[in-house]
Amino acid sequence: MRSMSFYRHHLLLLGFLSFCSTKNLANSQNHTLIFSKDNNVRNCSCSSDIKSCDYSLANLECSCKTIALPKNKTGSRLIHSGELTVWFSDILTLGKLVNFTFVHNLKLSLCGAATLPAEYLAILGLRHLRVQADATREQSLTIQNNSSEQEDKDRLCQVSTDKTSPFHLSYLDTSLFNGLPLLKSYSVENVSSITKHFPNLPFSGVIAATNKSYIVTLIY
């Protein structure tokens, strides 16, 4: 029993270290745009905000490269300290791109008229969210107030080793894109166990496995 526990602990540690090693890759792009088009996923570094779902303009104005879509459903798990924009047309692609990704400022744009099922996607360290269901409707939501002290505490690789700091997890209900009602959120503090208090929400045991408490925000 003890050897099994020891083995699991090292698996969690190795997974987390692998997660943290992607930090420099994601941080090299201050304003990142990721979109899927014609069965290709493009990762773009942009100097300004591009009109949602204008693929031709993105390829023209931004520095883009084709990347592989993650095979698992737990997302790319990259760390974005700048702004991340994701254009998507289906829930599967969106989940693989943003689920359990660490990002402070996120914009999600639905490209197309698809109806999305009610699923929850986990986003780590989220402060500000913008969502757009079509070319004319965009809403924004502030999850956390910006401050230099909070910024330091929210950095994933630091917080996960600090057992006294709460870890912030936001869960986005994807059905909010269906008609895009008034964007709302609800936060619960001092959550000792995600799986115990929110058994129906996705959770990765590798993320913040050593933290004593969580702040859980539901976005709907």
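## Salt bridges, cores and a loop in a predicted model

Glu 138 and Lys 107 form a salt bridge, with their closest N and O atoms 3.5 Å apart. The pair ties together distant parts of the chain: Glu 138 belongs to strand β8 (residues 138-142) and Lys 107 to strand β5, with their positions 31 residues apart. The model described here is predicted.

**The charged network**

Side chains of opposite charge can pair when their charged atoms come close. In this model the count comes to 4 salt bridges. Lys 107 also has a salt bridge with Asp 49, where the closest N and O atoms are 3.8 Å apart. That pair, too, links distant parts of the chain, 58 residues apart: Lys 107 is in strand β5 (residues 101-110), and Asp 49 is in the loop between β2 (40-45) and α3 (55-61). A further salt bridge brings together the side chains of Glu 138 and Arg 130, at 3.3 Å from N to O. Through shared partners, salt bridges join Asp 49, Lys 107, Arg 130 and Glu 138 into one network.

Which members of the network are buried, and which are partly exposed? Lys 107 counts as buried because its relative accessible area is 5%, under the 20% limit. Asp 49 is partly exposed, at 40% relative accessibility, and Glu 138 is partly exposed as well, with a relative accessible area of 39%.

**Strand β8 and its neighbour**

Glu 138 also has a place in the strand pairing. Strands β7 and β8 run antiparallel and are joined by 5 bridges. Glu 138 in β8 is the bridge partner of Gln 132. The two faces of β8 differ in cover: Gln 139 and Leu 141 make up the covered face, while Glu 138, Ser 140 and Thr 142 make up the uncovered one.

**The nonpolar cores**

The largest nonpolar core has 26 residues, and those touching the most other members are Leu 106, Leu 108, Leu 129, Phe 177 and Ile 219. Two or more residues come from each of β4 (79-88), α4 (91-98), β5, β6 (120-124) and β7 (128-132). Leaving aside residues up to four places away in sequence, Phe 177 touches Phe 88, Leu 108, Leu 110, Leu 116, Val 131, Gln 132, Ala 133 and Leu 172. Another core, of 15 residues, lies apart from the largest one; Phe 100, Phe 102, Leu 124 and Tyr 214 are among its members.

**Positive phi between β1 and β2**

Most residues other than glycine have a negative phi. Which residues in the loop between β1 and β2 have a positive phi although they are not glycine? Asp 38 has a positive phi of about 55°, and Asn 39 has one of about 65°. Asp 38 is found in the loop between β1 (31-37) and β2, and Asn 39 is placed in the loop between β1 and β2. Both residues count as exposed because their relative accessible areas, 62% for Asp 38 and 81% for Asn 39, are over 50%.

| Residue | Phi | Relative accessible area |
|---|---|---|
| Asp 38 | about 55° | 62% |
| Asn 39 | about 65° | 81% |

Methods:
Residues numbered from 1 in each chain as written. Predicted model: local features only at pLDDT ≥ 70, side-chain atom pairs only at ≥ 80, totals over all residues. Heavy atoms only, no water. Helix = DSSP H or I, 4+ residues; strand = E, 2+ residues; numbered from the N terminus. Buried < 20%, exposed > 50% of the residue type's maximum accessible area, 1.4 Å probe, protein only. Core = buried A, V, L, I, M, F, W, Y, C linked by side-chain atoms within 4.5 Å. Contact = heavy atoms within 4.5 Å. Pairing = 2+ DSSP bridges.
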